[in-house]
Amino acid sequence: GDMSAYTTGETLYADWTMIVGTVVNSIIMSEVITTLTGVDRAQAELNKRYGLIKEFADHARLSVKTTTAFEKAVQRASHAGEVRVDASQLKSFFATDTLPRELMLELTKDVFQGKLLRNEMLVWVERHGIPLPARLPLMLAAVMHPKTFQFQEVVYQNADQPVHIYLVMRGTLAF
């Protein structure tokens with residue numbers, strides 16, 4: 001109903017009630033906004049992680065099955081609050097114990113369609129009884145970049161200092 005303040009006490013009471021109501025309303029709205037933006041930030045972070053996984057899967061030519069398992073493991077870990085993935089720190093992501101051992105082995109076998117594990121350098125290491133860490137191929141794949149050479153193009157000259165390691169995906173490399 002209509003109420004009017006006639007005395008000083010009534011005016012102070014009405015003013016005080018409006019101020020308290022405004023403050024309480026501001027606090028409630030602030031909490032609602034904080035909650036909603038927190039949900040948006042969490043979703044944006046998850047989308048960033050999925051983007052990173054997709055980029056790595058495309059880059060390392062992972063199979064759809066392995067990529068899906070990778071996404072699920074990251075999703076489970078992010079719900080548990082264990083994963084902090086940043087595009088510039090993909091190597092450190094593989095260095096943590098976030099991924100299950102079975103998935104880590106599957107990722108390792110599937111990197112570059114299994115060609116990285118069949119690379120002569122890694123085969124030589126295992127042939128000589130040196131244990132190959134499961135994370136090494138993943139960390140190598142995270143920093144490898146595709147490069148295409150033309151037929152009979154010279155990659156290294158005799159006595160050149162090597163500055164790169166190449167994984168031959170198609171064709172042959174002779175010296």
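Start at the second largest pocket of this predicted model: its lining residues divide into 5 nonpolar, 2 polar and no charged. To bring the lining up in your viewer, select Asn-119, Met-121, Tyr-156, His-164, Ile-165, Tyr-166 and Leu-173. The space they enclose has a volume of about 210 Å³.

Keep Tyr-166 and Leu-173 selected, since the next stop uses them again. Now move to the largest pocket, with a volume of about 1500 Å³. Which residues lie closest to its centre? Add Phe-149, Val-168 and Leu-167 to Tyr-166 and Leu-173, and you have the five that are closest, out of 40 that line this pocket. Tyr-166 and Leu-173 are also part of the lining of the second largest pocket. If you colour the lining of the largest pocket by residue class, it divides into 22 nonpolar, 12 polar and 6 charged.

Next, leave the pockets and look for aromatic rings. How many aromatic pairs does a search of the whole structure find? There is 1. Select Phe-56 and Phe-70 to see it: the ring centres are 6.4 Å apart and the planes stand at 80°, which is over the 60 degrees needed to count as edge-to-face. Turn on the cartoon to see where the two rings come from. Phe-56 belongs to helix H1, residues 8-59, and Phe-70 to helix H2, residues 64-79, so the pair ties together parts that are 14 residues apart in sequence.

Are these two rings buried or exposed? Switch on the surface and check each in turn. Phe-56 has 3% relative accessibility and therefore counts as buried, the limit being under 20%. Phe-70, at 1%, counts as buried too.

Stay on helix H1 and select Ser-26, which also has its place there. With a relative accessible area of 43%, Ser-26 is partly exposed. Show Thr-22 as sticks as well: the side chain of Ser-26 reaches the backbone oxygen of Thr-22 at 2.9 Å.

Finally, zoom out to the whole protein. Coloured by secondary structure, the protein shows 6 helices and 0 strands, and reading along the sequence gives the pattern α-α-α-α-α-α. Colour by accessibility, and buried residues make up 23% of the 175 residues. For a last view, draw the contacts with a separation of 6 or more: residues 24 or more positions apart account for 65% of them.

Methods
Residues numbered from 1 in each chain as written. Predicted model: local features only at pLDDT ≥ 70, side-chain atom pairs only at ≥ 80, totals over all residues. Heavy atoms only, no water. 1 Å grid on protein atoms, 1.4 Å probe; cavity = no way out; pocket = protein on both sides within 12 Å on 5 of 7 lines; lining within 4 Å. Points joined across faces, edges and corners; volume = space filled by probe spheres on them. Nonpolar A, V, L, I, M, F, W, Y, C, P; charged D, E, K, R; others polar. Phe/Tyr/Trp six-rings, centres within 6.5 Å; stacked < 30°, edge-to-face > 60°. Helix = DSSP H or I, 4+ residues; strand = E, 2+ residues; numbered from the N terminus. Buried < 20%, exposed > 50% of the residue type's maximum accessible area, 1.4 Å probe, protein only. Polar contact = N/O pair within 3.5 Å; in protein donor to acceptor, adjacent residues only side chain to side chain. Contact = heavy atoms within 4.5 Å.
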